[in-house]
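Here is my note on the structure, set out as numbered points. They deal with helix packing, then with internal space, and then with backbone geometry.

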Amino acid sequence: MITFIVALAALILGFIFYGRLVERIFHINPERKTPALTRPDGVDYVPMKPWRIFLVQFLNIAGLGPIFGAIMGIFFGPAAFLWIVLGTIFAGGVHDFMSGMLSIRKNGASLPEIVGDELGNGVKIGLRIFTPLLLVLLTTTFLSGPATLLQGLCALGTMPYQGRMMPMVWIVIIFAYYILATVLPVDKLIGRFYPLFGAILLFMGIGIMVVMLGWHADSMPELSDGLANRQNNGLPLFPMMFVSIACGAISGFHATQSPLMARCMTNERQGRWIFYGAMVCEGILALIWAAAAGTFFADPEKGLYGIDGLQAFAAAHPGENIAALVVDRLSRSWLGTVGGILAIIGVIAAPITSGDTALRSARLIAADFLHLDQKKIINRFFIAVPLFLCVFGLLFVDFNVVWRYFAWTNQTMAVFTLWAATIWLYHHTRHKRHIYPYLITLIPALFMTMVSISYILIAPEGFEFAMKGWSWLAYTIAGTIDLICLIAFMIWARKQSNGAQ
């Protein structure tokens with residue numbers, strides 16, 4: 001329990017103090033008019049109340065990541081707690097804040113335009129392809145998963161399930177909803193209902209936390225148990241854990257969502273609460289689910305404590321979606337039948353509402369590239385229909401394959417965003433360069449570059465270096481590329497400094 005309480009306090013203090021430092025370095029301007037006020041269009045640029053924007057942002061970035069990802073991450077051991085806390089404060093919160101605030105400063109620009117402005121036209125063109133691909137992959141994963149969970153809920157009642165009919169029915173229903181959420185004005189559906197779903201997701205996590213601390217505190221994992229890798233699948237803790245726990249620490253997907261809410265904000269002062277604050281809330285949610293999963297299956301009578309019980313449960317269910325089983329059993333046991341069903345509904349709503357905003361973001365990215373005004377609904381469908389077709393086609397691809405490549409593209413997107421933010425900070429804080437304010441993004445950029453490159457070399461969906469006993473070579477290659485990036489940045493910065501003198 002001590003580890004959990006300290007970690008929870010660290011996340012809150014991180015928002016209060018480090019979040020304020022990031023805000024000060026960025027140098028917000030409360031007098032500067034935001035895009036929602038300078039170019040309202042009644043569709044995407046729509047002023048909304050800050051509390052609504054916060055809950056929508058939280059729900060947009062959450063999805064299954066801080067729940068499923070945290071559950072799978074705790075398999076690696078208590079080291080997961082460190083990554084959730086440090087990643088959220090020093091990487092994820094900074095990443096989300098910078099992507100959202102840069103969008104405001106660039107008139108509501110989408111991620112490829114933000115990153116391309118700092119890293120060059122070549123990167124901009126690449127991200128115009130790469131980013132929609134990421135969003136389509138995410139939408140596909142967040143479509144089939146909820147359909148399966150909804151099928152499970154129906155099995156509890158009187159609705160019959162025959163063959164594959166029921167999941168396909170739910171897929172059609174969710175897909176129809178995606179179409180509406182993608183093309184309707186942001187305040188008609190997303191702004192109206194998402195705050196409620198966001199509140200449900202938060203209260204669900206609080207309920208799990210209260211039960212855990214009140215009745216199961218003695219079984220909770222502790223850092224004193226050791227930081228060694230508890231997985232026995234031959235894959236190293238680094239970088240595998242840092243990709244498994246993505247949305248609960250840092251996720252490139254968030255940078256595609258922040259511009260959506262940047263177009264609805266009415267004052268730059270709201271940025272720390274909406275962007276950094278939503279990421280901290282997601283970190284707290286990930287912390288709760290990681291601790292709960294590592295606590296629930298403890299069985300002292302069988303000599304199973306903390307994570308050992310979770311490992312035993314997973315071993316007894318080979319080939320099944322362990323994270324989904326954990327959510328189902330834990331929620332029903334700790335929150336009762338009604339509370340458990342409400343909790344599962346919250347888990348279902350999170351990926352659905354992230355999937356539709358992913359498609360909305362993809363539409364806006366394409367619109368920015370094509371310079372196609374989105375006031376007319378026919379223009380929105382012109383871009384959205386090809387995206388819908390891509391998602392539908394990917395439904396016939398193995399879910400595990402789609403998810404694996406989404407995980408890597410997700411963290412790679414964070415790398416590009418952090419490097420772009422570093423360049424922007426250097427340009428706009430040059431007069432303060434003696435204190436190197438751009439370190440707040442440079443350090444996480446270097447770290448995530450190492451994670452992304454080593455992951456694609458080590459992971460089974462990559463070059464499988466770990467299975468071949470070549471993990472050392474993967475780290476050497478990733479470290480070398482990381483060093484080259486740092487040297488290139490230093491050379492560029494020196495040239496910029498000399499040119500300004």
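1. Contact here means that heavy atoms lie within 4.5 Å. The model is a predicted one, and the lists of residues given below should be read with that in mind.

2. Helix α5 (residues 79–105) packs with α12 at an angle of about 155°, and the two axes are 8 Å apart. Since angles over 145 degrees count as roughly antiparallel, α5 and α12 are therefore roughly antiparallel to each other. The crossing in which α5 passes α12 is right-handed.

3. On the α5 side, this contact is made by Phe81, Ile84, Thr88, Ile89, Gly92, Gly93, Val94, Asp96, Phe97, Gly100 and Met101. On the α12 side, the residues that they meet are Gly271, Arg272, Phe275, Tyr276, Met279, Val280, Gly283, Ala286, Leu287, Ala290 and Ala291. Divided by class, the contact of α5 with α12 holds 14 nonpolar, six polar and two charged residues, with glycine counted among the polar ones.

4. Helix α9 (residues 190–215) also packs with helix α12 (residues 271–296), here at an angle of about 40° and with the axes 10 Å apart. That angle makes α9 oblique to α12, and α9 passes α12 in a left-handed crossing.

5. From α9, the residues Leu201, Leu202, Met204, Gly205, Ile208, Met209 and Met212 meet Cys281, Leu285, Ile288, Trp289, Ala291, Ala292 and Thr295 of α12. The contact of α9 with α12 divides into 12 nonpolar residues, two polar residues and no charged ones. Ala291 of α12 appears in the contact with α9 and also in the contact with α5.

6. A further partner of α12 is α11, which packs with α12 at an angle of about 135°, their axes being 11 Å apart. This makes α11 oblique to α12, and the crossing of the two helices is right-handed. The contact involves His254, Ser258, Met261 and Ala262 of α11, together with Phe275, Met279 and Glu282 of α12. By class, the contact of α11 with α12 has four nonpolar, two polar and one charged residues. Phe275 and Met279, which belong to this contact, are also listed in the contact of α12 with α5.

7. How many cavities of 30 Å³ or more does a search of the whole structure find? The search finds three, and the largest cavity holds about 50 Å³ of space. Its lining consists of Asp44, Val186, Ile190, Leu260, Met261, Arg360 and Leu364. The elements that give two or more residues to this lining are α11 (253–262) and α14 (322–370). By class, the lining of the largest cavity has five nonpolar and two charged residues, with no polar ones. Met261 takes part in this lining and is also one of the α11 residues in the contact with α12.

8. Two points of backbone geometry deserve a look in the model. Most residues other than glycine have a negative phi, and most peptide bonds are trans. The peptide bond from phenylalanine 238 to proline 239, however, is cis, with omega near 10°, and proline 239 has its place in helix α10 (residues 237–244). Histidine 371 has a phi near 55°, which is a positive value in a residue other than glycine. This histidine 371 lies in the loop between α14 and α15 (377–394).

Definitions and conventions: Residues numbered from 1 in each chain as written. Predicted model: local features only at pLDDT ≥ 70, side-chain atom pairs only at ≥ 80, totals over all residues. Heavy atoms only, no water. Axes fitted to C-alpha atoms, helices over the stretch in contact; angles between N-to-C directions. Helix = DSSP H or I, 4+ residues; strand = E, 2+ residues; numbered from the N terminus. Parallel < 35°, antiparallel > 145°, perpendicular 65-115°, else oblique. Left-handed = near helix turned anticlockwise from the far one by under 90°. 1 Å grid on protein atoms, 1.4 Å probe; cavity = no way out; pocket = protein on both sides within 12 Å on 5 of 7 lines; lining within 4 Å. Points joined across faces, edges and corners; volume = space filled by probe spheres on them.
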